[in-house]
Amino acid sequence: MAGIEVTALHKRYPDGTVAVEQVDLSIGHGELFVMLGPSGCGKTTTLRAIAGLERQTTGDIRIGDTLVNDLPPAERDIAMVFQFYALYPHLKTRDNLAFPLRAEGLPKSEVLKRVDEAARLMRLGPLMDRRPRQLSGGEQQRVALARALVRRPRAFLMDEPLTNLDAELRADMRTEIKHLQGELGATMVYVTHDQVEAMSLGHRIAILNKGRVEQIGTPLEVYDRPASLFCAAFIGSPPMNLIEVEVADGALRAQGGLALTPPPGLSRDCHLVAGVRPEALEVTAPGAERSVPARVVSAEWLGDEIIYVVDHGGQHDVRVRMPPTVRFAADAQVGLRHTGGTPVVYDVSTEELVA
Ligand SMILES: Nc1ncnc2c1ncn2[C@@H]1O[C@H](COP(=O)(O)OP(=O)(O)OP(=O)(O)O)[C@@H](O)[C@H]1O
Ligand SMILES: [Mg+2]
């Protein structure tokens, strides 16, 4: 397995669309690296450039020690798994797996050995003699993954491979892919626009926006300290509250009076927004200690939690995550209290994290 280096990648399509402005990635050997971002931010283009399916306009791509800019896909020694898995409909699972190896001209014994190994890893035993139409969507996707495995590539590139599966299957396959990646010690670049998938899978996540990398970090880092307002709004469900604040009397104060502890090293001469996760706030009875007045706009009951939307100081969409036992009706006058630590703070003009 090999690491992947992407340097100053820029891709302009013939019709003039700039899909990738400037992307730098340094993906470690054996790392499960996730590229996350909204539709159209350049994830697939970046991945296809790494695979050699799309030629970048400028920039360099290295796989291991090899500069692969001028190598065709077949010589880059990577395997790609797409959202739409293309299995040969007339072939049994076993032959679908063996096909790419036979095409490479590997000896029969080696083909058998690798097919068996991939079947074991992806638990395909009972499915080996079925044709694709006799398999469920999830099973087909497992076969597609196994087919990428048998080639023992230097790296795996996956473009939203689970998008077509239902929620339960997706969660299962996620576990499966993570397990497999660990067992093989495989370098894997995994593209998704689903932040839950990104958080649960990635060793590190790159958040892309409009062809640029906004942040690279571990799931914890990007959750705790989103590097920009874009990342703050993108990561988390529901996302972080972004509350306009002023520095007054050593505190960050929102218009309605909610006071937050300022992070150390905060410069005071700019227009600030504090980022506060819904779980760092609390809805209380009106007048409770350290609470400020608020009004319930709506309550979304999710079984194991309730997401309250409250109005505080003219901001109508402050989201608060509460246990399901705490019930307030819509329109109720309540208290709003900050419970969790120091918020992150952004400069409105640069949209970047300042402290
Ligand atoms: N062949 C092409 N010619 C022109 N523009 C293209 C081409 N392929 C992609 N684009 C444009 O490049 C931008 C990035 O596309 P890309 O497919 O990389 O996005 P993505 O992040 O994978 O999005 P999604 O999550 O929807 O798959 C988009 O604006 C898209 O319309
Ligand atoms: Mg895409």
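**Exercise 1. Find out how much area domain 1 and domain 2 bury between them, and which residues supply most of domain 1's share.**

Solution. Start with the total: domain 1 and domain 2 bury about 600 Å² between them, and 49% of it is on carbon and sulfur atoms. Here, buried area is the accessible area (1.4 Å probe) that two parts lose on being put together, summed over both. Next, look at domain 1's side: Tyr223, Arg225 and Pro226 supply 67% of the area it buries against domain 2, more than any other three residues.

A note before we go on: this is a predicted model, in which local features need pLDDT of at least 70 and side-chain atom pairs count only at pLDDT 80 or more, while totals for chains, interfaces and linings use all residues. Residues are numbered from 1 along each chain as its sequence is written, chains are lettered from A and ligands numbered from 1 in the order in which they are written, and side-chain values use heavy atoms, with hydrogens and water left out.

**Exercise 2. Locate the two domains and describe the contacts between them.**

Solution. First, the bounds: domain 1 covers 4–228 and domain 2 covers 238–353, as given by an automatic or database domain assignment. Their centres, taken over C-alpha atoms, are 39 Å apart. Then count the contacts (heavy atoms within 4.5 Å): 7 residues of domain 1 touch 8 residues of domain 2. Finally, between the domains there are 4 residue pairs in polar contact, both residues at pLDDT 80 or more. A polar contact is a pair of N or O atoms within 3.5 Å; within protein, one must be able to donate a hydrogen and the other to accept it, and residues adjacent in sequence count only if both atoms are side-chain atoms.

**Exercise 3. Identify polar partners of ligand 1.**

Solution. Take the oxygen atoms of the ligand: one is 2.7 Å from a side-chain N or O atom of Thr44, and an oxygen is 3.2 Å from a polar backbone atom of Cys41. Now turn to nitrogen: a polar side-chain atom of Tyr13 lies 3.4 Å from a nitrogen atom of ligand 1.
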